[in-house]
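Here are a few exercises to work through with the model open beside you. Try each task before reading its solution.

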Amino acid sequence: MKLFMLALTLLISSFSLFAATYQTQIHSLDLGKNGEPHLILHNDGHVAFLESDQKSTRDLLRAIKLNLKNKEWVEVKLDKELNLISIQTLSPDGSEERASMEAASELEKLRVYVPTITTSTNASRVFRNMRRDYQNNSQCYNRAHIWTFEEWQRSGLNSMKLFLFFTSKYIRTYRYHWWFHVTPMVYVGGSSQSNWRALDRRYTRGPLTTKTWTNIFMHNNATCRVVNKYYDYRNNQQTQWCYLIPTSMYFWQPRDIERRDRTGYEKTNYINSEVNHAYWEAF
């Protein structure tokens, strides 16, 4: 109970930051049906809501679709319930996004990633060594990137990342504020799911099994189906409450999973620009 209340307090304090203005890129748009709110999924994992019967809905949808086409940075204004009020373009050419993707392309090579099989004792040591001086409003993917990067530098550990994706069914049912969360993960004694241990230094006090970890975020304690392809999640929003996708430690954001599935390229290195951005935003 204490663990749950700690996690809940942190979640609430994080969400309260978005009751004003917020700079982001929009990842995707999930259109509501039969009066359901539209969901605007941000690259950082947060969700904004757009009621289908607002007078401004048509204009906002047009702006969102144009943003998705041009991959622009925007400033969104939200009310306290995270309903979208306005959206304004910040960078019209999307050059930062393209530069990041081009840098990643130059460094990627096709080779097999071999995760480290470790012990329960070592998993606990890794967890204790993870930095706790993160910024309170930092994003999960930036914290996870630095935690895995620094342990790899420290001990050579080839860890994993575990992406938790919430479906539109779950988001609408519980008015949930995220569409994904990610944490470092290690294999303890083997590579089957029973050996996976989530190392979420912000929301837990030690390594956890996947079900214990997802229960922190799933209000209905749903079991999240494990898939390997992003579109197994994206194309099945009503059949499950949530999905899990394991990746190597090099994957930074969901777009890396999408890109792998679309092109076949696996990330096999840390990208300096991504590591630098993660340090800047998270610590």
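**Exercise 1: Two rings from separate helices**

At 25% relative accessibility, Y279 counts as partly exposed. Keep in mind that this is a predicted model.

Task: Classify the aromatic pair that F149 and Y279 form, and say where its two members lie.

Solution:
- Begin with the search of the whole structure, which finds 31 aromatic pairs. F149 and Y279 form one that has 6.3 Å centre to centre and 85° between the planes.
- Planes over 60 degrees apart count as edge-to-face, and the pair of F149 and Y279 is edge-to-face.
- Next, locate the partners: F149 belongs to helix 5 (residues 140–155) and Y279 to helix 10 (residues 272–282). They are 130 residues apart, so the pair links distant parts of the chain.
- Finally, check accessibility. F149, at 11%, counts as buried because the cut-off is under 20%.

**Exercise 2: A pair between strands**

Task: Work out how the rings of F163 and F180 are arranged, and whether these residues are buried or exposed.

Solution:
- The ring centres of F163 and F180 are 6.3 Å apart, with the planes at 40°.
- That angle is neither under 30 nor over 60 degrees, so the pair is tilted.
- F163 sits in strand 7 (residues 160–166) and F180 in strand 8 (residues 180–188). With their positions 17 residues apart in numbering, this pair too links distant parts of the chain.
- Both F163 and F180 are buried.
- Now widen the view: F163 and F180 belong to one aromatic cluster, whose members also include Y141, F165, W179 and W252.

**Exercise 3: Charges over rings**

Task: Which rings have the charged ends of R143 and R175 over them?

Solution:
- Start at R143: its charged end sits over the ring of Y134, 5.7 Å from the ring centre.
- Then turn to R175, whose charged end lies over the ring of F49 at 3.9 Å from the centre.

**Exercise 4: The largest cavity**

Task: Describe the largest cavity by its volume and its lining.

Solution:
- The structure holds three cavities of 30 Å³ or more, and the largest has a volume of about 80 Å³.
- Its lining consists of 13 residues; H46, S138, Q139, C140 and W178 lie nearest the centre.
- Helix 5 and strand 8 are the elements that each give two or more residues to this lining.
- Sorted by class, the lining has six polar, four nonpolar and three charged residues.

Key. Residues are numbered from 1 along each chain as its sequence is written. This is a predicted model: local features need pLDDT of at least 70, side-chain atom pairs count only at pLDDT 80 or more; totals for chains, interfaces and linings use all residues. Side-chain values use heavy atoms; hydrogens and water are left out. Rings of Phe, Tyr and Trp (its six-membered ring) pair if their centres lie within 6.5 Å; planes under 30 degrees apart count as stacked, over 60 as edge-to-face and the rest as tilted. Helices (H or I, at least four residues) and strands (E, at least two) are DSSP runs, numbered from the N terminus. Buried means under 20% relative accessible area, exposed over 50%, partly exposed in between (1.4 Å probe, protein chains only). A charge sits over a ring if NZ of Lys or CZ of Arg is within 6 Å of the ring centre and within 35 degrees of the ring normal. On a 1 Å grid over the protein atoms alone, a cavity is a set of points where a 1.4 Å probe fits but cannot get out, and a pocket is an open set with protein on both sides within 12 Å along at least five of seven lines; lining residues have an atom within 4 Å of a point. Grid points are joined across faces, edges and corners, and a volume is the space filled by probe spheres set on the points. Ala, Val, Leu, Ile, Met, Phe, Trp, Tyr, Cys and Pro count as nonpolar, Asp, Glu, Lys and Arg as charged, and the others, Gly among them, as polar.
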